[in-house]
Amino acid sequence: MAPGSVIFTGNRKVDKVLIHYMQYDGESIVEKEIDSHSKTILNTSPIDKVDWYDVRGMHDTKLIELLGKTFSIHPIVLENIADVHQRPNYEEYDKGNFITLRALSFDKDKIKVQKEHVALYFNKGLIITFQETESDLFEAVRKRILSSSGRIRQRGSDYLAYALVDAIVDNYYVVLEEVEEVIENLEEKMLVEQDIKDKTKIHNLKKELLIIRKSVAPLREAIGQFSKTESSFVQNNSQIFIRDLYEHTVQIMDTIDSSRDLLNGLQDLFISEISFKMNKVMQLLTLISVIFIPLTFLAGIYGMNFDNIPELHYQYGYHILLGVMFVIFMVLLIFFKRKKWL
Amino acid sequence: MAPGSVIFTGNRKVDKVLIHYMQYDGESIVEKEIDSHSKTILNTSPIDKVDWYDVRGMHDTKLIELLGKTFSIHPIVLENIADVHQRPNYEEYDKGNFITLRALSFDKDKIKVQKEHVALYFNKGLIITFQETESDLFEAVRKRILSSSGRIRQRGSDYLAYALVDAIVDNYYVVLEEVEEVIENLEEKMLVEQDIKDKTKIHNLKKELLIIRKSVAPLREAIGQFSKTESSFVQNNSQIFIRDLYEHTVQIMDTIDSSRDLLNGLQDLFISEISFKMNKVMQLLTLISVIFIPLTFLAGIYGMNFDNIPELHYQYGYHILLGVMFVIFMVLLIFFKRKKWL
Amino acid sequence: MAPGSVIFTGNRKVDKVLIHYMQYDGESIVEKEIDSHSKTILNTSPIDKVDWYDVRGMHDTKLIELLGKTFSIHPIVLENIADVHQRPNYEEYDKGNFITLRALSFDKDKIKVQKEHVALYFNKGLIITFQETESDLFEAVRKRILSSSGRIRQRGSDYLAYALVDAIVDNYYVVLEEVEEVIENLEEKMLVEQDIKDKTKIHNLKKELLIIRKSVAPLREAIGQFSKTESSFVQNNSQIFIRDLYEHTVQIMDTIDSSRDLLNGLQDLFISEISFKMNKVMQLLTLISVIFIPLTFLAGIYGMNFDNIPELHYQYGYHILLGVMFVIFMVLLIFFKRKKWL
Amino acid sequence: MAPGSVIFTGNRKVDKVLIHYMQYDGESIVEKEIDSHSKTILNTSPIDKVDWYDVRGMHDTKLIELLGKTFSIHPIVLENIADVHQRPNYEEYDKGNFITLRALSFDKDKIKVQKEHVALYFNKGLIITFQETESDLFEAVRKRILSSSGRIRQRGSDYLAYALVDAIVDNYYVVLEEVEEVIENLEEKMLVEQDIKDKTKIHNLKKELLIIRKSVAPLREAIGQFSKTESSFVQNNSQIFIRDLYEHTVQIMDTIDSSRDLLNGLQDLFISEISFKMNKVMQLLTLISVIFIPLTFLAGIYGMNFDNIPELHYQYGYHILLGVMFVIFMVLLIFFKRKKWL
Amino acid sequence: MAPGSVIFTGNRKVDKVLIHYMQYDGESIVEKEIDSHSKTILNTSPIDKVDWYDVRGMHDTKLIELLGKTFSIHPIVLENIADVHQRPNYEEYDKGNFITLRALSFDKDKIKVQKEHVALYFNKGLIITFQETESDLFEAVRKRILSSSGRIRQRGSDYLAYALVDAIVDNYYVVLEEVEEVIENLEEKMLVEQDIKDKTKIHNLKKELLIIRKSVAPLREAIGQFSKTESSFVQNNSQIFIRDLYEHTVQIMDTIDSSRDLLNGLQDLFISEISFKMNKVMQLLTLISVIFIPLTFLAGIYGMNFDNIPELHYQYGYHILLGVMFVIFMVLLIFFKRKKWL
């Protein structure tokens, strides 16, 4: 592929690309759905309001190119929007700043993390977001805008960008709590009984945590850069919030790493518990064999057909032998008990 | 949750929020309990004295917001006060500096670390602390102020902030000493006998150390920043103490890491000791079997019913065979002894 | 070897060194094959066009030296061109910039990575590339130039250099996807049955990933330096692309590292699965032995030849014993079932 | 404990604190023992000579405080002197520089490292050292001063400080050589026979190396800072020596790390050697059982009491069977030999 | 030992210290052997020629001190020359620059690395090298000087210093290639059969790689500093070569690390291969036992002496039983085959 061409690298998850449009300032608010084909509606907005285009679906690369042309977005940004495998990243360009990140969700039963590519471009007064599906990742933020609650309506597009990224990052906590819940359940169960399927579950959890980590590690760096930005599109009083957000990503990385450590510990525990128990069983079984082996040997002795085995002709030879066998049996039993082998 | 809203994320541990108030300088001292509802008492204090509000309980977010308004505290600080899952952190704002940290305690029997969220806000002449429970983490500092011992009464709110953080950090030493004691007891016991429950204990200790580490690592960074502060609220002659405190956190991290190494070593030791002993047992048992197997075979031979087995009719056939068996028995025994298998 | 002498350290992979020459600007394009012996053709080109010499084969050190003399290339660059074991690297010299890198290909069946040394030297208007074989690694770029598609014809030699490196790096994604495919196939198969050959495959994959990593790690650093260049041969509007390319190499490193983690996890899984199953088998076999051992002992008892064994003369002694044996058999079976050993 | 109070945290190792005093310059030398109670003797010395107070014993906190008052030492230094658990550190204060470090000794038989807390304070013309015991760690340096050998008498207190720290660090080499000797002995022995006690020794060695590491790692940092000092109490021509000393600490860390790697390797070797041998034994024993099992079965067959077992009545039935058994025995033996299981 | 005294810490490897002297510029060359006792010959040379004193043997500390006095070498340099355990290092002094490094050689059969301490001091026009043995590590460079080939005769002492270090570093490649060859041979062999001696070989290789690493890691740092030098004794046009040399040391470190990874992988492979095979054997043996155990039990049943065992008196009871036994045998065999246990 030529660098510089906008190519959608994912699976189409919506039938038709929808654009949800919102324009607001402290006083008024406009909200509407834009059909991605009625392109007339895309126009630059008055600079003192916030214009938010929320595009759902990324397969329509022509639309992306049109948006690019309309708002003078750098070609590399357009490429990265359409590339769903793009690593989370923060880039500043002359005419706007660009953030890519991944929304995650976790299926507890299948132990499977789902990723969704999210892209966000903003400059003074304008913000364009891209989601892969129709279901809205930014619903909570949208509600806050509509209800005029919090400080969001008083602030510009940079604060909205922060709030949107914050909504995604907040969700990481939910995902990680679910992961930790699964780990804790596994641990509790494991201390009672060891099931080989749990081994596979641990393996899968580790794999999924790796995937989460691969999404969060670059995001942390990206937000770190975002928080230290000197871009003219980010106001000073927003940066304090972005710094707080950065702290959250650091904490999330910590949680991921300690979850991995927990899983490694669990795996060690699993293996040693199971091999300990299995060894105990083997030892017990072997002990039983060892007790019977000399007894069987004795029975073999008196089952021989020599003409002259005096003991065979004793009146109570058989009973004496049974007694001897019982004594041997008890002695071995006590010996093994003493040695704590039983 | 909207960023910017003060939400209590913990479990309510006190019935009613209590504010312990103290005002002192080198000469005089005032101390009283403030009911959190009689809000009239909150007023800015003369700048040449130290005003310490110690708030016990964090669920009363309205009170926190009121304090915020009264003392012009940045909204993000208020959020972080109420969020008990907040990572230890040090932040400087225009009107004051803010430290979050965690007080730890360790239950030796359950091998369980308890965390308590502590928040501390100070500027010139003012210090506000937040604890989760009614029991006082700062009792020792309070006593020093009351007894006018040490240099604390001569110094400002920045030194008090240092002393309070120092009190928390000092307690980490206690916790880690208890952890090390448990490790040493485990090790001593382990060299004598191996109990599978100790395996679980090691696992739990590792888990708890991870939790401690997650509290100390960010604290070290936070205090590192605190010690390098250029904030106008921290005097130069206090910084030398904060630097010393920083050294302590570094030492605590060292101790945590070496404790983890010890635990890993212990775990390796445990596994190899136990598998070594178990293998020894299995080997011994197998040896016993091996000694009796040829003997039982011989007995089987002379238990056969062939018409013509000449040995059966020898006068002392039986006794000779017993002799032969004894010889085989001894030869095998000596052989195994020589090979050091027994 | 004296430093400063141009020595070919690889295996000759072409019979005769071929030079593919291309000269273009936005309007015109010239393309021809140059015989490496007809050296007259090497001359400096008009500075406003891009001159691309693509040399296939590196064993002809005299040609390399001639090129060096013609275009005033630093002797160390010439050495590094001919040294196929050269680590990927980016160096700036007075008269041009130099990049070494490695093209990779992956043979899925043999699990074997093939490396090809690629060297690239450029300054204003000139670019010289060196490949080990006749097959063209830069075919896609060449097509783009010929078709005038994209922005490549409008830009200078620095953009071409970027595009060529990008073509190599893009191929790493292909290689890593193939590696991941092999890993996934292995994992799926492993959860069904464990084949010792897969163990060797994992081992080989890890070895090959190490080789890939050794190629990518220095390349990442090299491109990092390239992206931060202040060289006069690289235009500002090219640097944004190189920075994007750098992001790609970072992502590739991430993928390599997570693939290695996956392989380690797979290896752990393999070993524990196989030892778990084998232990299960051993346990089952031992259980069977343990069930029969007391029964055989009983049979041995009544096979003894004592004159006076009363039970032998009971009418249904045999049948009673069989019943007793059956009871013992069932009791043991149920006991083992209950213990979940069977 | 209140920060700022001088508290002895160690075990008292001397009965009575002794102060060894030495005053020298290039020409003259004064040496005497000062009773720690006759405090009159402590007075500031002429600035062009070196005054060395060597205090043996640290439990007399009053003496430390008196020294502090006499020589205007910062209170934090006094605290750190009395705290024997203090991490090795280098701090500069207005009136003098302070170094804490640990002297180590190694008991080869018990595999036990002994630590001794050493503190050192110096400014222009003055040096005060603190040792825990009466035995002199600085004997070699003292002798050099007395014998006027080397450059020590020509230089100031900063060079003496360097020479004293150097004496402690030099001893680390001795300790590490002893550790390496123990490791080598263990390795040699291990290749011949595996003793479970060696496992415990390796474990202990690793633990002790951890302790050494914990002393050296912060010391390396401390001396690194010392070597880069801009303090007015350290002359330029002394810094070259301190830099050399820093190199030594780096080398010591290297040695510690490679010793740990050696121990890890040894541990792996131990475990695999021992489990390999044990498995070999188990395999051999199992082979013996397997050889006799079919033979015993055959003997069992012809021990049955069926009325009609034709073979029993053959003239040489018994002898034929013995022959058959011998053949089976040999076939199995050869088979196992071929398979290299024996 | 007092710092500042020149003490030889190695084993004397030459009888008599020899000094090989060479003086050259672009036009002329002088070469002679100097007896280390005829000390008259040591004099400062004309600054526009290169004077190379190559001292073979380091035990003659008086000679080193004499050289030091003659050429005003810093005492610490003299110490470091005589200390063969000195860590590779690069230091700049007022009157000259000093490099210590280690020449390595590898004995493939004994798997043993030999180290030789090499020291190199140079300033404008002067270079003094120290080798431990009489065999010349710098032979190749000497030949190049004599043959006037390459650029060496045109350049100053700094280039010679570079060329000498380069000669040593080049040899590391040879050593590492030999190590890799041993590793590859081990791996090939291991896939066919597992020999416990190979385990020890892997262990030794890891140990030797550690030794190599300990020599190369500090050398890399040293050459890194060398390449960034601003020393007046190093010309600008030499630095490009030193930077290239630095790249080589980085590559060597990479190779060492990947060799260690290979060895770790090999070790894992070895252990799992061997335990897999051994388990397979044990499983097979156990299977054989399990097949015969019920059969032997049956034989035991009909070997009992009950008066009334009806089956014993059937005409073909014996033959029927043999048939039943054969059926049991086959059923078990097929069952085990199906389960893939055989």
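How many helices and strands does the secondary structure of chain A come to? In this predicted model, the count for chain A is 7 helices and 7 strands. Going along the sequence, the elements of chain A come in the order β-β-β-α-α-β-β-β-β-α-α-α-α-α. The pattern thus opens with three strands and closes on a run of helices.

The overall form of chain A is worth a look next. An automatic or database assignment splits chain A into domain 1, covering 18–272, and domain 2, covering 278–338. The centres of these two domains, taken over C-alpha atoms, sit 74 Å apart. Measures of extent can be put alongside that separation. Along the principal axes, the C-alpha atoms of chain A fill a box of roughly 120 × 40 × 35 Å. The radius of gyration of chain A is 35 Å, whereas a compact globule of 342 residues would come out near 20 Å. As for burial, 41% of the 342 residues in chain A are buried. Contacts within the chain often reach across the sequence: among those between residues at least 6 apart, 72% join residues at least 24 apart.

Now to the strands of chain A, beginning with S5(A) and S6(A). Strand S5 (residues 96–107) and strand S6 (residues 112–123) of chain A run antiparallel and are joined by 11 bridges. Within this pairing, A:Ile99 faces A:Leu120 of S6(A). The hairpin made by S5(A) and S6(A) has 4 residues between the strands, and A:Ile111 there takes a positive phi near 50°. S6(A) also pairs with strand S7 (residues 126–131) of chain A, again antiparallel, through 5 bridges. Here A:Phe122 stands opposite A:Ile127 in S7(A). The hairpin of S6(A) and S7(A) has 2 residues between the strands, and in it A:Gly125 has a positive phi near 85°.

Positive phi values turn up in other chains too. Most residues other than glycine have a negative phi. Against that background, C:Ile111 has a positive phi near 50° without being a glycine. C:Ile111 is found in the loop between strand S5 (96–107) and strand S6 (112–123) of chain C. With 17 other C-beta atoms within 10 Å, C:Ile111 is partly exposed. In chain B, B:Ser72 is likewise a residue other than glycine with a positive phi, near 50°. The loop that holds B:Ser72 lies between helix H1 (61–70) and helix H2 (75–82) of chain B. B:Ser72 is exposed, having 12 other C-beta atoms within 10 Å.

What about helix H2 in chains D and E? In chain D, helix H2 (residues 75–82) is mostly covered, with 6 of its 8 residues buried. Those buried residues of H2(D) are D:Val77, D:Leu78, D:Glu79, D:Asn80, D:Ile81 and D:Ala82. They pack against helix H1 (61–71) and strands S4 (89–93), S5 (96–107), S6 (112–123) and S7 (126–131) of chain D. Over in chain E, helix H2 (residues 75–82) is also mostly covered, again with 6 of 8 residues buried. The buried set in H2(E) consists of E:Val77, E:Leu78, E:Glu79, E:Asn80, E:Ile81 and E:Ala82. Their packing partners in chain E are helix H1 (61–70) together with strands S4 (89–93), S5 (96–107), S6 (112–123) and S7 (126–131).

That leaves the way the copies go together. Chain A lands on chain C, with an RMSD of 0.1 Å, after a rotation of 72° and a shift of 0.1 Å along the axis. The two copies are therefore related as by a five-fold rotation axis. The residue of chain A that comes closest to this axis is A:Gly303, whose C-alpha lies at 4.7 Å.

Between these two chains, 36 residues of chain A are in contact with 40 residues of chain C. On the chain A side, helix H5 (196–227), helix H6 (236–301) and helix H7 (317–338) each supply at least two residues. H6(A) gives the most, with 13 residues. By type, the chain A side that touches chain C divides into 18 nonpolar, 13 polar and 5 charged residues. Only 14% of the interface residues of chain A are also interface residues in chain C, so the copies meet through different surfaces.

Key. Residues are numbered from 1 along each chain as its sequence is written. Chains are lettered from A and ligands numbered from 1 in the order in which they are written. This is a predicted model: local features need pLDDT of at least 70, side-chain atom pairs count only at pLDDT 80 or more; totals for chains, interfaces and linings use all residues. Copies are superposed by least squares on the C-alpha atoms of residues with pLDDT of at least 70 in both. Two residues are in contact if their C-beta atoms, placed from the backbone, lie within 7 Å. The radius of gyration is taken over C-alpha atoms; the globule rule is 2.2 Å times the number of residues to the power 0.38. A residue is buried if 20 or more other C-beta atoms lie within 10 Å of its own, exposed if 12 or fewer, and partly exposed in between; C-beta atoms are placed from the backbone. Ala, Val, Leu, Ile, Met, Phe, Trp, Tyr, Cys and Pro count as nonpolar, Asp, Glu, Lys and Arg as charged, and the others, Gly among them, as polar. Two strands pair if DSSP finds at least two bridges between them.
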